[in-house]
Amino acid sequence: MVTPSLDYFSTLVQDDDIIPLFEAASAIAQDVEPELDLTAVQLEIDMLTERLKQRLPADASHLQKLRMLNHYFYNDLGFSGNVNDYYNPDNSYLHRVLHSRRGIPISLAVLYMEIAQQIELQVQGISFPGHFLMKLALPVGQVVLDPFNGTSLSREDLEERVQPYILQQDFPDDFQLNAYLSAASPRDILVRMLRNLKALFMQKENWQRLLQVQERLMILLPGDITERRDRGIAFANLECPQAALQDIEAYIEQRPYAMDTAALRARLPELREAGGRLN
C-alpha cells in the first residue's frame, strides 16, 4: 500500500534535474516518524545558515566561505561523526542528526551541502568507496573533504583510502583516482542513504523497517530487480506471501541462473500454499 509519505517522496524524486536533496533525504525519516514536519526541518537548517550568513563578509571569497563554514559546522555547531554509536539508524535520519549533532559521513554531508548551497558554495557529494566524501572546485584547485570532521584530504590520503577496494595489490598502470571522485547525483545519494539503512535492518532482521526502505528504493530504482527481490524477501518474512510471490517470481524470471535463484525457487511452494490459505 502506498502511504502519503511514499507518494510525496515519489513526487520529490521524479525529475533528476530538480530533486530537492535535503527535503527528500529528510523525508526518509517519515518511515519512523510519519508525522514529521519536513517544513520544520527545513526551517531549522535555514536558521543555522542565517547565523552563518550574518558572519560572512559581503565580499568573502569562496575559500573564505569554505573556511568559515568548516569552522562553524564542526566547531561552533559541534557536528561530528558518531564514533560511539556508528551503526545506530538514527545517524541516517537528518532531523535526528540535527538534534544530536552526530551522524555518519553521508548524513553529515547532506546537512553540510545544504548550508553550503545557501551561501553559494557548490559543494558536491562523492560516492567514494566505504566513506562518503565531499568536494568543492576553487580557483586554487579541487578540495576534497571528509564529512566526518571537515578534514581536507590530499591525493595521497585518497589513494590510501581507495586501495583496499582495488583488487590488485598495487595500483594498476591505468589507475585514475578521478574515476572515484565523480560527483554523486541526488538520486545516488538517496540510494546510498537507504542502502545504509537496508544493511542495518537486514542484519537486525527488522523486516518491517526493511520493507519501508525497499519501497523507497523501488521508487528511486524502479527497474532494479535485486531491490525488488529484497522487497519480496521482506514481504515473505512479514507473512505477506502474495506480494512476496510477485517480487520473487519476477526476480527468478529475470535472473534464472543467479546464484540465489535455486534457494528462492525452493521457497515458492511454501509461499504459494500460504497465499492459498489467505484466499
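Phe73, Tyr74, Phe79 and Tyr112 come together as one aromatic cluster in this predicted model. Across the structure there are seven aromatic pairs. Take Tyr86 and Tyr87: their ring centres sit 5.1 Å apart with the planes at 75°, so this pair counts as edge-to-face. The two partners don't get the same label for exposure, because Tyr86 has a relative accessibility of 30% and counts as partly exposed, while Tyr87, at 60%, is exposed.

Aromatic rings also turn up alongside charged side chains. The charged end of Arg216 sits over the ring of Phe9, at 4.8 Å from the ring's centre. Arg229 does something along those lines with Tyr251, lying over the face of the ring at 5.1 Å from the ring centre.

Arg229 shows up again among the salt bridges, of which the structure holds 17. Its side chain meets that of Asp230 in one of them, with 2.9 Å from N to O. Both Arg229 and Asp230 are buried. This pair belongs to a wider set, too: Arg195, Lys198, Asp224, Glu227, Arg229, Asp230 and Asp260 are linked in a network of salt bridges.

Another salt bridge joins the side chains of Arg272 and Glu249, at 2.8 Å from N to O. Arg272 is in helix 12 (residues 261-278) and Glu249 is in helix 11 (residues 241-254), so the pair ties together parts that lie 23 residues apart in sequence. As for exposure, Arg272 has a relative accessibility of 45%, so it counts as partly exposed. Glu249 gets that label as well, at 32%.

Then there's the salt bridge between the side chains of Arg96 and Asp90, at 2.5 Å from N to O. Arg96 has 24% relative accessibility and therefore counts as partly exposed. Asp90 is partly exposed too, with a value of 30%.

Next to Arg96 in the numbering comes His95, which lies in helix 5 (residues 94-100). Is His95 buried or exposed? Its relative accessibility is 14%, and since buried means under 20%, His95 counts as buried. The side chain of His95 makes a polar contact with the side chain of Glu33, at 2.9 Å. Leaving out residues up to four places away in sequence, His95 touches Ala29, Glu33, Leu36 and Val41. Glu33 thus appears both as a polar partner and in the list of residues that His95 touches.

Methods: Residues numbered from 1 in each chain as written. Predicted model: local features only at pLDDT ≥ 70, side-chain atom pairs only at ≥ 80, totals over all residues. Heavy atoms only, no water. Helix = DSSP H or I, 4+ residues; strand = E, 2+ residues; numbered from the N terminus. Buried < 20%, exposed > 50% of the residue type's maximum accessible area, 1.4 Å probe, protein only. Polar contact = N/O pair within 3.5 Å; in protein donor to acceptor, adjacent residues only side chain to side chain. Contact = heavy atoms within 4.5 Å. Phe/Tyr/Trp six-rings, centres within 6.5 Å; stacked < 30°, edge-to-face > 60°. Lys NZ or Arg CZ within 6 Å of the ring centre and 35° of its normal. Salt bridge = Lys/Arg side-chain N within 4 Å of Asp/Glu carboxyl O.
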